[in-house]
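Please read the following alongside the sequence and the model. The text takes up strand pairing and then the enclosed cavities.

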Amino acid sequence: MPGWKALPDELDPEVRAFTERLRRVIDRSGLGVTAVAERTGHERAAWDSYLNARLPAPRGAVAALADVTGTDPADLAAHWERADQVWGDHTMQIRRLDLDSAESGARTPAPDSDAPPTSVAAPPAPVARSRRGVVLLYAAGIVGALLVVTAALLLVDLGGSDGEDERAAPAPTTTAPPVTRPATLPAGVRCVGADCTGKDPEAMGCGGDLAVTVARARVGAALVEVRHSDTCAAAWARITGAAPGDTVTVEAGDAERSATVAGDADTAVADTDAYTPMVAVGSGADARACGTLADGRAGCTAN
C-alpha cells in the first residue's frame, strides 16, 4: 500500500477533499500507484502529481480510475467537478495578479541608486491552465494571425504607381505563418506537432485516452513501448517493469528524447517505469523506442 505524503496546509478544501478521495479509492482497491498507472493508461509520474495535488487530474484519468477500481463513477465525478472549478478559478486569479504586477512595474520609476534595495515578493507558483482559458488563448492566436494577413493584403491593394513609372511595381511576397494547431482542441490538450517536442505528454494532455501503444519490445524483464497521440501529432517512449538506472529513448528522424528510471528518495522504494518527453511525428510508425538496461543489455522496437 502507498505511504502517502502529507498534503500542503494551504491547499483548498475542495482540492484536498478530492485528493484524499482518490487516495482512499486506491487504498481500498489494493493496487499500487504503478499498477493504477498501467491499468488506466496514464503515466506513473502523472498519477504522483494528481495524488499529491500538484496538478489537476483530467476527467479521463478519474473515469479510468473508477473503472479499474469498481468505484461509483458518478460519485467520483462529483468530487472532481468541485475540485476542477477551484483549479480553474485559481488560474484566473494568478493571471489577474500577473497583469496587475506588469502594469504596476511599467508605471513605477527606476529607484534611486542610493536607496536601499527593496524585496520583491516571488510570483505565485504556476498552476495548470483551466481548459476554458486554454481554448480562449487558442482562439485569440488564430484571430491575431488572420488580422496580420488581412493588414498585409490591404497594404498591397493601397500601393500603386506615383505617375512617374507606368509599370506596376511587383506586389511584395507575403507568407502566412504556418498553422501548427487547429482552431479548437479537445479539453485539456495544450499542444500539437512541433509545439509538443520536448514537453511532458501528460502535462500537455496528450496521454490517457488520447494515446495508444503502436509498438513494443522486451529488453530483459522490461517492456519498451512507443506511445502515440494522433490528436497531438506526437510520440514518446515508455519503459515499465524496469529498474533504477535503466534508460528509455524515443527516436523520430533527427529528434531524440530520453528518460532514466530513478528510485524514490522519500520512500526508499524504487520506481519501475519512466517515460520520455515527446517528439513530433505524423504517424506513430515514424517513431522508434529503445531501452538500455543498467547491466548493458539493449533493444529497440521495430521501425
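Glu251 in strand E4 and Arg288 in strand E10 stand opposite each other. The model in which this pair is found is a predicted one. E10 covers residues 288-292, and 5 bridges join this strand to E4. The two strands run antiparallel.

E4, residues 247-252, also pairs with strand E5, residues 255-260. This pairing is antiparallel too, and 6 bridges make it up. Within it, Val248 faces Ala259 of E5 across the two strands. E4 and E5 form a hairpin with 2 residues between the strands. In that hairpin Gly253 takes a positive phi, near 65°. E4 therefore has pairing partners in both E5 and E10. As a general point, side chains in a regular strand alternate between the two faces of the sheet.

The next topic is enclosed space. How many cavities of 30 Å³ or more does the count give? The count comes to 3. The largest cavity holds about 60 Å³ of space, and the second largest has a volume of about 50 Å³.

Which residues line the largest cavity? Val15, Phe18 and Thr19 are among them, as are Tyr50, Ala53, Leu55, Pro56 and Ala57. Trp80, Ala83, Asp84 and Trp87 complete the lining. Two elements give two or more residues to this lining, namely helix H1 (13-29) and helix H5 (73-107). H5 gives the most, with 4 residues. By class, the lining has 10 nonpolar residues, 1 polar residue and 1 charged residue.

The second largest cavity is lined by another set of residues: Thr34, Ala37, Glu38, His42, Glu43, Arg44, Arg238, Thr240 and Asp273. Helix H2 (33-40) and strand E3 (234-240) each supply at least two residues of this lining. The largest share, 3 residues, comes from H2. What is the make-up of this lining by class? It divides into 1 nonpolar, 3 polar and 5 charged residues.

The two linings can be set side by side. Around the largest cavity there are 10 nonpolar residues and 1 charged residue, whereas around the second largest there are 1 nonpolar and 5 charged residues. In the lining of the largest cavity H5 is the main contributor, while in that of the second largest this place goes to H2.

Technical notes
Residues numbered from 1 in each chain as written. Predicted model: local features only at pLDDT ≥ 70, side-chain atom pairs only at ≥ 80, totals over all residues. Heavy atoms only, no water. 1 Å grid on protein atoms, 1.4 Å probe; cavity = no way out; pocket = protein on both sides within 12 Å on 5 of 7 lines; lining within 4 Å. Points joined across faces, edges and corners; volume = space filled by probe spheres on them. Nonpolar A, V, L, I, M, F, W, Y, C, P; charged D, E, K, R; others polar. Pairing = 2+ DSSP bridges.
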